Amino acid sequence: MEKVRTRFAPSPTGYMHIGNLRTALYAYLVAKKHKDGVFVLRIEDTDQGRLIEGATDIIYTTLKECGLKHDEGPDVGGEYGPYIQSERMKQGIYKKYAMEMVEKGKAHICFCSEEDIQSQKEVAEAKGESFIYRDPCKKLSKEEIQKRIDDGEPYVIRQTIDPNGTTSFDDEVYGTITVDNSTLDEMILLKSDGFPTYNFANVIDDHLMAITDVVRGNEYLSSTPKYNLLYEAMGWEKPRYIHCPPVMKDEHHKLSKRNGDASFNDLVAKGYLPEAILNYIALLGWSPSEEREIYSLSELCEAFDVKRINTSGAIFDIEKLKWMNATYLRNMDNDKYIELIRPYVNKAIGDSYDIHKVAHILKERATTLNEIEEMLDFIKELKEFDVTLYTNKKMKTTPEVALNSLKEAKRVLGELSEWNHDSIYNCLMALVSELGVKNGQVLFPVRVALSNKAFTPGGAIEIADILGKEETLNRIAKAIEDLSE
RNA sequence: GGCCCGUUGGUGAAACGGUUAACACAUCGCCCUCUCAAGGCGACAUUCACGGGUUCAAAUCCCGUACGGGUCACCA
């Protein structure tokens, strides 16, 4: 069987958004499902006006962070280079093929101005008619064309389509799609600045780079017949098409970088793990055949199947991503987890506390890395006293009960010589049975006294252990004082 | 407007003519429990946009309607 080659072909115009990244992921998976599959990165910078400085670097770093390693690309080379379209243009690749198309009668030189066509279109639309541009330049004689070119008149090269007949193609996801050639408009292949359009460059490069499977968003579904006409004109073999449904922000809108929604970088900045993000978006528009949701990238390669890609758009649900991120965090190897949270912990409380103990109370609870700072804030500095916190119906505690428990706790803890989780536990549980009350009657007030928060990661014993004996006793004393007033 | 595509619970979705319409997130209960989480258990679509048809049998096949999205750029 032929070697599968896919490509991710972004245009460097800004951040990488989630829909884009998912397309990259699917392209990667299609290739890497096969042991010798090749994933290519090609930069489509044919729109010189929209280029954004540094955008290419964002593409490199995003792919790298996600583990979507490309086998060929501008930065890693490969035998089908160059991999940047502006560089390919300098080699005259597109012009050459465009002229070949003209010679074959499948394209023609066009001198029409953009404004002219636009105004004709507006007139047609005002009349409620559908607009298919009928290019008068098709009738120009060779001599006249040559003369106008020699005169320096700007021109484009436009695809020539015979309006008779139909064109159809098989999409791996959407099935067979057939359209009437009369509905196809003759797209520009080469712009007046000499750059190819996406439409043209894409076809040329996919062929030249021996791409076997074209993975892209379904917004290209309706132009694919035109691309196939190009392949046919050149006598090239067509690739398999894998069009993906869109990733939506809500029922009506695609996810977009505008409005600041969900770009990969944003999510990482908000404390989401690249692995979790990737795993989650794999499930937006695709579902595995088994009942499972957590997949590493290599497991995805194995499980992925183009036939199970959906045809309808999927709404991006941050709640589910949160859940997935939390489960990645929880399932993480302890040492790795500690290294991951260390900067966040240090930022919140410095590095003077035992990070293993802190990690322990955090691991089951934090859903994103960014929550850590707020979760730990009480450790560094005791929050403001609030008497209402001591009243808890379920624990059957009141400020009075709490005051008594805290006095007793202060006494027994003060006598503790060894200060660790077990000793604190034994000490307080002994007090509980001595007083003949439920655990919560003692432990709940102590936890509140140590934090002045309604909710904390970890319980009284764990917090006391982290804070150390002196600080624990000081906080309890402070609480007794506050409660006494 | 023409053409193309889509439509299963709040969300992601399974099902490939015959199931009580999976599963996961969210939500809501209960249990566990020193709070919150985590974990355990349970509830949550008499129904698959709607209307016809085919069939002994339809969420699944066909046709139509509605609604939604895409496309019709010298943007990709």
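**Notebook: cores, a small sheet and the RNA side**

I began with the cores, and the largest nonpolar one has 90 residues, with Leu 25, Ala 27, Ile 277, Ile 281, Ile 372 and Val 446 making the most contacts inside it. By nonpolar core I mean a set of buried Ala, Val, Leu, Ile, Met, Phe, Trp, Tyr and Cys residues joined through C-beta atoms within 7 Å. Helix H1 (residues 18-32) gives the most to this core, with 10 residues. Helices (H or I, at least four residues) and strands (E, at least two) are DSSP runs numbered from the N terminus.

A note to self on the source: this is a predicted model, where local features need pLDDT of at least 70 and side-chain atom pairs count only at pLDDT 80 or more, while totals for chains, interfaces and linings use all residues. Residues are numbered from 1 along each chain as its sequence is written, and chains are lettered from A and ligands numbered from 1 in the order in which they are written.

I then looked up Leu 25: leaving aside neighbours within four places in sequence, Leu 25 is in contact (C-beta atoms, placed from the backbone, within 7 Å) with Leu 68, Leu 278, Ile 281 and Ala 282. Another core, of 22 residues, lies apart from the largest one and includes Tyr 94, Ala 98, Val 156 and Ile 204.

Next came the open sheet of three strands, which has the order E3-E4-E7 with antiparallel pairing (two strands pair if DSSP finds at least two bridges between them). Strand E3 (107-110) and strand E7 (188-190) are the edge strands, each pairing on one side only. E3 and strand E4 (residues 156-159) share four bridges in the antiparallel sense, and I found Ile 109 opposite Ile 157 in E4.

Which residues come nearest to RNA strand B? They are Tyr 198, Ser 312, Ala 314, Leu 443 and Gly 459, out of 66 around the strand (C-beta atom, placed from the backbone, within 6 Å). H18 (439-451) gives the most to this surface, with five residues.

Last, I checked Val 437, in the loop between helix H17 (421-435) and H18. Is Val 437 buried or partly exposed? Val 437 counts as partly exposed because it has 17 C-beta neighbours inside 10 Å; 20 or more would make a residue buried, 12 or fewer exposed, with C-beta atoms placed from the backbone. Beyond four places in sequence, Val 437 is in contact with Val 432 and Val 442. Its C-alpha atom is separated by 9.9 Å from that of Ser 405, 32 residues apart along the chain.

Terms used. Contact = placed C-beta atoms within 7 Å.
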